[in-house]
Amino acid sequence: MDEIDRLKLFVTFGGVPLYHEMLRGKTYDDCIKSMCLSSDWVQGEVAALVATEFSRTSRTMAILSAISHGAVGLKEISERVKADDSICLKDLEALEYVGIVGVVTPMLDAPRKSKMYVVKDNLFAFNFEVMDRIKDARHLKDKDLLLEQLRGRITTFMGKRFEMFCVDLIRENYLTNSIGKWWMDRDGVHEEVDIVAESTMDDNKYIILAECKFRTSPVGFSEYNDLVRRSRRFDKYNIRLMMISASGFDAKMAEFARDEGVMLVGPDEIFGRAPMPELK
C-alpha cells in the first residue's frame, strides 16, 4: 500500500494495532469498503467502547454526535443533547479524561469566550462525521457507489484529521509550551491559522504559524501567500512560517522557501525519511 493510503488509514482508525491487523485490501478504498461499508463494525466498536466506559451511553453518544455535527461549545452541546450544562460538562470532562474528546486552545488574540470541544479519537470521529451520515444507505449492495456518495465527506474528514496529525508532528519534534489555533470572525469573514505553536529553543521563544494541506497536488504560493497575509497581524511576535503538505510542494515554492527560511514539511519529513526543519 502506498504511503498516502497508509496515512489515510492512520487518521481514520488511529494507532490501535488490532484495527490495522483486521484491515483487508491493497488500497484505502478497499479497506473502507471491506471494513466499514460491508458491515456495522465501526458503529459496533464505538458503541461497545462507550458502553465500557460510561453508564449513560445514549447521552454520551448524543454528546459525541453533537460535537461532530458542529456544536463545539458547552451551551450548544447541552441544547442539542437537551441536558443541563452541569451534566454535559461532567460527561465532557470524562470524555476528555479518557482521550475521546479534546479541547482546542485559542492562540494569540483568538477569542477566549468558552472551551471549544473536538472529537479527538480518530475512529470515533470517523464514525460520527462520516459513517453516521449513511445510516439508511449502508446496506446498499453496490459498495463502489456508496463509497462515491461518501467521497466528499471523507475528503473533508481527512483535511481536519490531518491537521490533528500535524499537531502531534509538531509536538513530537519541537519543544512546545502551548499549541492550538488562531481564528477571527469579522464582517462575515472567517480567517484562521491551522496550527499556532509557542516554542522555545536555546532560550529563544518562537511562534510557529503552520498551514496544513492534505490533497493530491503539490502546494504552491497561493496557500503561502494566505499564511503571510494572516501572519502580518502578529508582527510583535518572533514568527516562523511552516507549510505542511502530504503531497509536497512545487519546485518554485521549494526554492523560495530555502532562500526565505520558510519551514517546509513534505512527505519525506512526514514519513521519517528526512528530519523536520530546524527552528532558528
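In the predicted model, the axes of helices α4 and α5 come within 9 Å and cross at roughly 125 degrees. Because angles over 145 degrees count as roughly antiparallel and those from 65 to 115 as roughly perpendicular, this value makes α4 oblique to α5. The crossing in which α4 passes α5 is right-handed. On the α4 side, the contact is formed by Val46, Ala47, Val50 and Ala51, which meet Thr57, Thr60, Met61 and Leu64 of α5. Classified by residue type, this contact of α4 with α5 comprises six nonpolar and two polar residues, with no charged residue.

Helix α5, which spans residues 57–68, also packs against helix α6, formed by residues 74–81. Here the two axes come within 9 Å and cross at roughly 125 degrees, so that α5 is oblique to α6. This crossing, too, is described as right-handed, with α5 passing α6. The residues of α5 involved are Arg59, Ala62, Ile63, Ala66 and Ile67, and their counterparts in α6 are Ile77, Arg80 and Val81. The contact of α5 with α6 contains six nonpolar and two charged residues, and polar residues are absent.

Aromatic pairing was examined next. Twelve aromatic pairs are present in the structure. A pair of aromatic rings is described by the distance of the centres and the angle of the planes. One of the pairs consists of Phe13 and Trp41, whose ring centres lie 6.3 Å apart and whose planes form an angle of 50 degrees, a tilted arrangement. This pair links distant parts of the chain, given that Phe13 belongs to helix α1 (residues 3–13) and Trp41 to helix α4 (residues 41–53), a separation of 28 residues.

The strands considered here form an open sheet of five members, arranged in the order β3-β4-β5-β6-β7 with mixed pairing. Strands β3 (176–186) and β7 (263–265) occupy the edges; each has a single partner strand, and therefore one side of each is left without a neighbour in the sheet. From one strand to the next, the twist averages 25 degrees.

Strands of a sheet pair through backbone hydrogen bonds, either parallel or antiparallel. Strand β3 runs antiparallel to β4 (residues 189–201), and nine bridges join the two. Among the bridged residues of β3, Gly180 is partnered by Val196 in β4, while Trp183 has Glu192 in β4 as its bridge partner. The two strands form a hairpin in which two residues separate β3 from β4. In this turn, Asp187 has a positive phi of about 55 degrees.

A helix also packs on this sheet. Helix α10, comprising residues 221–231, lies across β3, β4, β5 (204–213) and β6 (239–245). With respect to β6, helix α10 runs at about 150 degrees.

Note on methods: Residues are numbered from 1 along each chain as its sequence is written. This is a predicted model: local features need pLDDT of at least 70, side-chain atom pairs count only at pLDDT 80 or more; totals for chains, interfaces and linings use all residues. Side-chain values use heavy atoms; hydrogens and water are left out. Two strands pair if DSSP finds at least two bridges between them. Helices (H or I, at least four residues) and strands (E, at least two) are DSSP runs, numbered from the N terminus. Axes are lines fitted to C-alpha atoms, for helices over the stretch in contact, and angles run from 0 to 180 degrees between N-to-C directions. Contact means heavy atoms within 4.5 Å. Angles under 35 degrees count as roughly parallel, over 145 as roughly antiparallel, 65 to 115 as roughly perpendicular and the rest as oblique. A crossing is left-handed if the near helix is turned anticlockwise from the far one by less than a right angle, and right-handed if clockwise. Ala, Val, Leu, Ile, Met, Phe, Trp, Tyr, Cys and Pro count as nonpolar, Asp, Glu, Lys and Arg as charged, and the others, Gly among them, as polar. Rings of Phe, Tyr and Trp (its six-membered ring) pair if their centres lie within 6.5 Å; planes under 30 degrees apart count as stacked, over 60 as edge-to-face and the rest as tilted.
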